[in-house]
Amino acid sequence: MLWSQYDRKKGFALPMTLILLTFGALVLFAATTQLNRTSQKMKNYKTSSSLQNYATNAVDTASHIFLENVGTYDLSPWGGVEEFKSHILTRGGVEKYYWQSFLADINSSVDCANLTEAIQSLSADPGLGGDEYTLEAYVYQVGGRYTIVASAQIGDRKAYALGLISYVRGGLMIPAIRMAALNRTLALMNVTGGHGNPRVHGDLVYGSAVVLNGVTIDMTSTSTPSDIITGGITGDSLTVYEDGDELDQEGVDELLENFPGWYTASDPNFSSDDVYDQWKAEYMELLPDASYTVILNTDQTLSSMDENVMVVVKAPSNVSDPTFQAYFGDDGLEICLGKNCLEIPESLTSSATLSIQIAGDTVFGNDPHKISEVVGHYNVSVLGDATINTNIVLDYQYDYVNNGNENSPVGNKTKKVSETIISNMLGEEKTSSLMLATIGGDMILKFEKGNSTHGNKSLIGSFFSWKDEGEGGDVLFSGLENLDHGNGHTPQLFLFGSLTAYSFDPDGDAGNLDSFVAVADSSDSSSPGTGNGKLSLIGIQTW
């Protein structure tokens, strides 16, 4: 284990790689009152921090106990669940929309497993408070997942934690963004311009983020860090600008004291390259060992599939440095090399995930203003650069990206509007999934000047850019310098799912990207996958 037995909030970088917030954001809320640096206030802060830590550890411990004995517990209602829901739903901001939806199926009449006695029997453990705290833990089954609610109390002070146990099948549970380096200052979102002509500036991460080499945020004295990253950040450093001035270390420390839990220091025993390599190893484990090779020297149609076999698409031996073209559509996936194409019918991917590897640089789509609709379940890896020359959208989210009037409902919206839209997106039944990765190449996002969308690119799915033998691993931008910055929508990248890379915009070409919005989702985890999967604790939220 990479974090201590007694304090699991330390060294959280690697455990964070297993977290994808299936309900969009396992967020850590800001404190509602200003904490002064007096001894009494610091004592209160330390008490709150300890309560949160012990509640978190109670969830962690309860999950292990529960998973060893699934299906053997007597079930009965827990009267305290309404107090728990009232406690977290009084919190302001976008987060309450997620929790209202996520906890809708849990109430005082729903049966649950009571693990309080099991947790209390371990309360002498220093990680659970050394017998100084009263602990409770309850587990609810909601559909195919389990929700753990735990609390730690001392006197009249109480903290709650919530854990999510779910099956992991063919997917990784990861934050909205996960990178070794983010070459971008994430700024507080603001909107200018009149009705129907918004100009959106700033960034928003609905969910958590991991930026190993540190992150920079630009906020105001009246905003909070979670107005930019709702679920908190894990990394080795944090730089904060407030009203244009950089805070010194004392100012950053005071800010973090006022918002406990929002920032988690990565484990100093592991370098960013070590952690990134571990992320890559976890992804590579998803790829089937067996393979079936298709040489694109003629038109072909894949007639059958085995989810434990990877389809490898290659160029003929007399073609050097090939560049493939790939097209997602409602009838499946087409992969071409020149005039020769491989057709993969949608019917082959409707009930199981098809793993495909393309041995060469690949361009997806042929127009950055059009939308490629993904119907089915795909895990696509490219051995080389992957240029995304389109918008990529899963079928069940298509209407959120295209309203039929050459407009994207999710693009260039104020935060207030986005709250409702994104909450609805998170609640959709997942009928398709996409994992798209580069191995030894870069992920190149293609932008282009035009009369519609003006650079509002939307990507839905889980996207990875993996460095291999020192090559690739970056997210690059192409054509941003040519975009319109006059009337109409401003250049924006809207990501619904997750983005993992070694570096984001290392060449500094995304200076013309006015807005970056990333929303964590769990499409990849709910898709049919290789193997039977297993129940795992995939996230913990503490209040």
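A salt bridge is a side-chain nitrogen of Lys or Arg within 4 Å of a carboxyl oxygen of Asp or Glu. Lys280 and Asp468 meet in such a contact, with 2.8 Å from N to O. The model discussed here is predicted, and it holds four salt bridges. This briefing covers those contacts and one open sheet.

**The Lys280–Asp468 pair**

- Lys280 belongs to helix α7 (residues 272-284), whereas Asp468 lies in the loop between β30 (456-466) and β31 (474-478), so their salt bridge ties together parts that are 188 residues apart in sequence.
- Lys280 counts as buried because its relative accessibility is 14%, and the cut-off for buried is under 20%.
- Asp468 has a relative accessibility of 30% and therefore counts as partly exposed, a class that runs between the 20% limit for buried and the 50% limit for exposed.

**The Arg184–Asp203 pair**

- Arg184 and Asp203 form a salt bridge in which the closest N and O atoms are 3.0 Å apart.
- Asp203 is in strand β9 (residues 199-206) and Arg184 in the loop between β6 (177-182) and β7 (185-187), so this pair joins parts of the chain that are 19 residues apart in sequence.
- Both Arg184 and Asp203 are buried.

**The network around Lys158**

- Between Glu136 and Lys158 there is a salt bridge whose closest N and O atoms are 3.7 Å apart.
- This contact links distant parts of the chain, as Glu136 is in strand β3 (residues 134-142) and Lys158 in strand β5 (residues 157-168), 22 residues apart.
- Lys158 has a relative accessible area of 24% and is therefore partly exposed.
- Glu83 also enters the picture: salt bridges with shared partners join Glu83, Glu136 and Lys158 into one network.

**The open sheet**

- Four strands, in the order β7-β11-β13-β14, make up an open sheet with mixed pairing.
- The edges are taken by β7 and β14 (245-246); each has a single partner strand, so one side of each is left without a neighbour in the sheet.
- Strands β11 (residues 215-219) and β13 (residues 238-242) run parallel and are joined by five bridges.
- Ile217 has Val240 in β13 as its bridge partner.

How values were computed
Residues numbered from 1 in each chain as written. Predicted model: local features only at pLDDT ≥ 70, side-chain atom pairs only at ≥ 80, totals over all residues. Heavy atoms only, no water. Helix = DSSP H or I, 4+ residues; strand = E, 2+ residues; numbered from the N terminus. Buried < 20%, exposed > 50% of the residue type's maximum accessible area, 1.4 Å probe, protein only. Pairing = 2+ DSSP bridges.
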